[in-house]
There are 2 protein chains.
Amino acid sequence: MGPTIRDVARLAGVSKSTVSRVLNGDPNVAEETRNAVIAAIKEIRYTPNALARGLNTRKTGTIGLIISDITNPFHAEVARGVEDLASDFDSNVILCNTDGRPKKEAAYIDLLVEKRVDGIIFTSVKTDESDMTNLRSRRIPFVFAGRTLPDVEADSVVVDNILGGFQATNHLLRLGHQRIAYLAGPSHVSASMDRYEGYCQALRRAGIEPDPQLVIEGDFKQEGGYRAMSALLDRSLGITAVFAANDYMAMGALEAIYERGLRVPEDIAVVGFDDIPFARLHLVQLTTVAQPKYDIGAIAARMLFERIDGKAQDEPSRRVVLPPRLVIRRTCGEYLGQRDFAEPNRPSRAAEPPVGTT
Amino acid sequence: MGPTIRDVARLAGVSKSTVSRVLNGDPNVAEETRNAVIAAIKEIRYTPNALARGLNTRKTGTIGLIISDITNPFHAEVARGVEDLASDFDSNVILCNTDGRPKKEAAYIDLLVEKRVDGIIFTSVKTDESDMTNLRSRRIPFVFAGRTLPDVEADSVVVDNILGGFQATNHLLRLGHQRIAYLAGPSHVSASMDRYEGYCQALRRAGIEPDPQLVIEGDFKQEGGYRAMSALLDRSLGITAVFAANDYMAMGALEAIYERGLRVPEDIAVVGFDDIPFARLHLVQLTTVAQPKYDIGAIAARMLFERIDGKAQDEPSRRVVLPPRLVIRRTCGEYLGQRDFAEPNRPSRAAEPPVGTT
DNA sequence: AATGCGTTCGGGACCGGTCCCAGGAAGGAT
DNA sequence: ATCCTTCCTGGGACCGGTCCCGAACGCATT
């Protein structure tokens with residue numbers, strides 16, 4: 001179909017080896033021949049075939065991104081970080097929406113292996129170690145971004161969810177709240193459990209024993225937050241504040257609160273987690289714990305490329321823990337006192353300094 | 001590295017041709033040999049190499065998606081539609097964020113050509129025909145989703161922006177508004193101009209001559225909407241309603257309005273365009289013109305695959321125009337009267353019926 | 001003059017598949 | 001018995017590159 005390297009060679013009066021050399025910037029090519037080749041390339045509008053090249057270099061310049069749903073602003077931001085960094089490394093990213101379905105995820109992994117991607121970034125992880133054996137045996141590197149699988153040995157970059165939960169809860173405590181509810185995510189998601197852990201630590205540090213009645217499970221969605229908050233409100237437990245496991249649930253909670261004619265933050269204070277764009281809205285102004293979403297993606301991609309380029313070939317897996325950041329807006333009332341973001345008690349972990357981004 | 005088709009052949013005691021046959025579901029293979037081959041494939045965990053296959057079938061099972069920014073919820077939704085449909089066609093999509101930069105876009109096009117993608121979907125289009133010649137000469141099909149280039153002959157799927165602008169403005173008129181401002185997008189974007197056209201038609205139909213003073217250009221972003229609305233308010237032009245070219249600008253407008261202590265919709269009514277997720281929020285409840293975002297992506301992908309599969313090989317380019325839908329929420333006040341969504345006057349276009357989706 | 005080294009280049013095997021072509025076996029028709 | 005089909009299978013060219021190997025040449029060294 002299109003012109004091949006042979007056509008260029010013929011036109012330039014050289015062998016295809018030589019064309020290949022100038023294509024790959026080999027210095028051992030006479031200036032004159034190089035120019036002839038370049039001229040020929042331009043003349044017939046030659047574009048190298050990445051398939052053929054990838055076939056024997058075993059590098060495709062493509063990575064896979066497995067994500068639950070790109071429509072989710074949190075994931076979109078992570079994806080953006082991944083894509084930007086891939087672009088810096090002259091790579092492309094193949095987008096895979098799994099909706100959290102293990103079957104779809106497994107199918108995508110197979111496809112990506114067929115395409116011989118250089119590596120994979122997992123954002124949504126419902127699969128277990130067994131699905132990774134294929135990647136392992138083919139030495140296709142992969143890293144987890146945002147979430148981790150406890151029993152899978154692999155690079156990962158996550159936010160410090162325990163610390164985040166601690167910050168959110170501590171903020172509420174400082175404002176004088178005592179009865180603080182926790183709107184949890186699904187219990188099998190480590191992020192939600194870690195945030196809960198931070199919540200408990202903050203409470204205990206303030207001399208308050210966590211009350212199981214004040215914890216209710218949701219699904220990380222607005223609807224779930226709405227239902228959970230409504231249920232909590234119905235029981236009249238004397239709640240004055242609520243910490244939602246993510247912003248979507250906080251949104252649902254707000255809705256439930258307003259629906260009952262209660263005011264935020266006067267009657268009930270609300271703090272979320274993630275800092276998705278809507279939280280910033282003038283009309284919402286949600287106080288929340290921000291995750292460095294873009295950086296999560298960018299750092300994950302950077303780690304992946306370090307594996308791909310062989311720099312970190314056989315090093316043990318690394319775990320980058322990024323700090324969350326409490327963003328104080330309106331839903332908790334103004335807090336102007338001294339900030340206290342002391343680290344919660346927990347086993348010290350050797351967190352490498354975050355890899356720089358961009 | 002990994003096992004190849006030859007390894008399978010050796011183990012199964014057949015030739016690689018035969019293995020290839022069972023791989024591709026050729027019926028002319030004896031049941032017995034087929035089983036032997038399948039067993040061998042399983043035993044050595046063989047995964048076909050899509051690069052090698054693509055090299056001579058000239059099909060990669062990959063399409064490119066060129067988008068300005070996946071972080072934008074409108075684009076994310078379109079992307080989701082594209083990806084879902086690609087998945088149905090056993091294809092992958094390569095995500096390309098261009099931020100609207102022509103250079104980045106051109107670079108991505110080159111990359112996608114090198115990777116020999118089966119086709120490309122353009123969402124953001126800043127480039128002109130010249131950039132498409134490469135695609136044309138290589139017969140790589142492409143379709144535009146959401147936006148079009150007037151002078152480029154290609155398949156496209158867009159929403160009827162004129163009608164949408166008409167609906168939004170007409171809604172405001174029916175509610176009794178006379179001084180209606182238009183917060184435009186960048187003037188080189190056809191979508192914004194078309195919405196303006198619909199705005200003018202609705203006004204004229206109501207016997208009102210559009211007042212240039214009431215039109216102000218923004219950038220499709222919240223910040224731009226805020227500034228534009230502020231400027232408008234400062235001039236005290238007697239505005240009672242505003243139609244923003246998209247929801248982001250409407251958000252900015254709301255902010256400007258609230259900041260001045262004005263009420264929505266009592267003092268000023270607001271209607272947007274797009275219906276991005278935030279518009280639905282209880283706290284916002286933006287009346288807006290909804291675009292079938294997902295369908296735009298899905299239909300575009302379907303059209304692309306029709307070209308790829310050769311079904312629509314050499315047919316003239318098609319243009320699918322999808323209807324917008326006015327979603328009445330709170331920012332204009334309740335409108336309970338009879339709906340009148342008459343088509344505005346404009347050159348009749350032979351709009352094919354939308355291709356069905358999923 | 002013989003040797004050695006560096007630069008420049010061409011030849012051709014190879015990456016891992018697809019697919020065309022030919023050939024053998026089996027079975028039916030003549 | 002011969003011929004023709006049909007079904008199944010193997011051989012090998014080919015897709016479009018990369019990269020190893022070795023040849024040719026110029027020039028300095030001994």
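A residue counts as buried when its relative accessible area is under 20%, and as exposed when that value is over 50%. Keep that in mind for the exercises below, which work through a predicted model.

**Exercise 1. Place Q291(A) in its chain and decide whether Q291(A) is buried or exposed.**

Step 1: Find the spot. Q291(A) sits in the loop that runs between β10 (287–290) and α12 (293–308) of chain A.

Step 2: Check the accessibility. Q291(A) has a relative accessibility of 7%, so this residue counts as buried.

Step 3: Look at what surrounds the residue. Setting aside residues up to four places away in sequence, Q291(A) touches F74(A), V159(A), R195(A), F273(A), D274(A) and I296(A).

Step 4: Pick out a polar partner. The side chains of Q291(A) and D274(A) are joined by a polar contact of 2.7 Å.

**Exercise 2. Get a feel for chain A as a whole, then work out which residues I63(A) is in contact with.**

Step 1: Start with the overall build. Chain A has 12 helices and 12 strands, and its C-alpha trace spans about 85 × 40 × 40 Å along the principal axes.

Step 2: Ask how much is tucked away. Chain A has 358 residues, and 56% of them count as buried.

Step 3: See how far along the sequence the contacts reach. Take the contacts in chain A between residues at least 6 apart in sequence: 71% of these join residues at least 24 apart.

Step 4: Zoom in on I63(A). This residue belongs to strand β1 (residues 62–67) of chain A, and with 0% relative accessibility I63(A) counts as buried.

Step 5: List partners. Not counting neighbours within four places in sequence, I63(A) is in contact with a set of residues including V82(A), A86(A), V93(A), I94(A), V117(A), I121(A), L304(A), F305(A) and I308(A).

Step 6: Try one distance yourself. I63(A) and I299(A) are 236 residues apart along the chain, yet their C-alpha atoms are separated by 14 Å.

**Exercise 3. Describe how chain B meets chain A, beginning with how many residues of each chain are in contact.**

Step 1: Count the residues. On chain B, 55 residues are in contact with 55 residues of chain A.

Step 2: Turn to area. About 4800 Å² is buried between chain B and chain A, and carbon and sulfur atoms give 57% of that.

Step 3: Find the top contributors. L51(B), R80(B) and L283(B) supply 14% of the area that chain B buries against chain A, more than any other three residues.

Step 4: Look for charged pairs. There are 6 salt bridges across the interface; in a salt bridge between R80(B) and D69(A), the side chains meet at 2.9 Å, N to O.

Step 5: Add the polar contacts. The interface has 24 residue pairs in polar contact.

Step 6: Name the elements on the chain B side. At least two residues each come from α4 (50–57), α5 (73–88), β2 (92–97), α6 (102–114) and α11 (247–259) of chain B.

Step 7: Sort that side by class. The side of chain B that touches chain A has 24 nonpolar, 15 polar and 16 charged residues.

**Exercise 4. Explain why C96(A) forms no bond with the closest cysteine sulfur.**

Step 1: Get the total. Over all chains, the structure holds 0 disulfides.

Step 2: Compare with the cut-off. A disulfide needs two cysteine sulfur atoms within 2.5 Å. The closest cysteine sulfur to that of C96(A) is in C96(B), 14 Å away, so the two are too far apart for a bond.

Step 3: Check the surroundings. C96(A) counts as buried at 0% relative accessibility, and C96(B) is buried as well, with a relative accessible area of 0%.

Note on methods:
Residues are numbered from 1 along each chain as its sequence is written. Chains are lettered from A and ligands numbered from 1 in the order in which they are written. This is a predicted model: local features need pLDDT of at least 70, side-chain atom pairs count only at pLDDT 80 or more; totals for chains, interfaces and linings use all residues. Side-chain values use heavy atoms; hydrogens and water are left out. Buried means under 20% relative accessible area, exposed over 50%, partly exposed in between (1.4 Å probe, protein chains only). Contact means heavy atoms within 4.5 Å. Buried area is the accessible area (1.4 Å probe) that two parts lose on being put together, summed over both. A salt bridge is a side-chain nitrogen of Lys or Arg within 4 Å of a carboxyl oxygen of Asp or Glu. A polar contact is a pair of N or O atoms within 3.5 Å; within protein, one must be able to donate a hydrogen and the other to accept it, and residues adjacent in sequence count only if both atoms are side-chain atoms. Helices (H or I, at least four residues) and strands (E, at least two) are DSSP runs, numbered from the N terminus. Ala, Val, Leu, Ile, Met, Phe, Trp, Tyr, Cys and Pro count as nonpolar, Asp, Glu, Lys and Arg as charged, and the others, Gly among them, as polar.
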